[in-house]
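User: I would like to learn how to read empty space in a protein model. Could you take me through it step by step?

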Amino acid sequence: MTTATVAVSAPADKKFKLNVRDFGIVFGLIAIMLFLTLNTGTFLTGRNFINLFDQAAIVGLLAAAATLCIVSGVFDLSSTANLAVSAIAGVMITQHLGVIAGFVGALLVGAALGTVTGLIVVSTKVNSFIGTLAVSIIYRGLAIVITGGAIVAPLPEQLAAFQTWTWPSLFGLTAGSVLMVAVTIVLGIVLWRTTFGRRIYAVGGNKEAARLSGIRTGSIQVAVFAISGLCSAMAGMILASRAGSAQPAMAIGVELTAIAAVVIGGTSILGGQGAMWRAFVGVMILTVIGNGFNLLHWDTTYQQVVTGVLILLAVAADGLFFRKRTG
């Protein structure tokens, strides 16, 4: 799917036509897992897989949102700043109204901030990379203003309930991991099978063509930013639940890891192409690599090198395939 015209008119079944080359990234993940299975005695254990999903939960939620943004042709660098503000708001609401109200309040704040970010980017027509970078600075500053730079925590009697997202649930996975998987599946279906999803592809593939075909491109991108804010709030509450507190410096830089996972998974940074499952595989590749470095007792300094090489290869491949498609 390369243009808006194709994106609007093409049915989803064509988009998901089986092509072995589309699943190269899956084979890469399997190869890494096979290598770790043969070279460690602890990788292929249930406990380790639970840890893998636990480690992937935050990046996974942010990567799911980043996929929608990138497919629609925008970046959201404000996601982790939104995460911090939402988590702080959630903790403060919890202190006064209880845990459930705190979680709901955090989601509302995250969605509202995401909507504001989208309105700013769409109305000013500023490049989303620069625009959301500026917004992220504003949100980080707002978090410091709200807390005075201090750590906020729920009341002692609320702490056990507040840490709900760390509790074991389905298949032994923590509730936070289950939430990440559920959100990825839901957003994947939205992107794959709904009119809204097809419009996201169309806007990212060719914004002008999408506009001429009657799609309200600005509304689509604002909606995508709102969903990104909602996912950021979920990630923020999981992170706060683990730590038992929230603070303005939460998850700094993790938004770049999420974008890296999306790119490694094969979603085009040029917009109009990509899939939610690809983001999930990208997240798992980064997580498994980190896990492998720990299990093999390798110097984690080289982990940054490996990650950087993977991103470079993914972006270079994306550019190569784009040139082939366009002639």
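**Enclosed and open space**

Analyst: About 80 Å³ of space lies in the largest cavity, where a cavity is a set of points, on a 1 Å grid over the protein atoms alone, at which a 1.4 Å probe fits but cannot get out, and a volume is the space filled by probe spheres set on the points, which are joined across faces, edges and corners. This is a predicted model, in which local features need pLDDT of at least 70 and side-chain atom pairs count only at pLDDT 80 or more, while totals for chains, interfaces and linings use all residues. Residues are numbered from 1 along each chain as its sequence is written, and side-chain values use heavy atoms, with hydrogens and water left out.

User: What lines the largest cavity?

Analyst: Rolling a probe the size of a water molecule over the atoms shows where empty space is left. Here the lining (residues with an atom within 4 Å of a point) includes Leu-62, Phe-75, Asp-76 and Glu-255, and its largest share, five residues, comes from H4, a helix being a DSSP run of H or I with at least four residues, numbered from the N terminus.

User: How large is the second largest pocket, and which element gives the most to its lining?

Analyst: A pocket is an open set with protein on both sides within 12 Å along at least five of seven lines. The second largest one has a volume of about 420 Å³ and is lined by 16 residues, with Val-59, Thr-257, Leu-286, Thr-287 and Gln-303 nearest its centre; H14 gives the most, six residues.

Conventions. Helix = DSSP H or I, 4+ residues; strand = E, 2+ residues; numbered from the N terminus.
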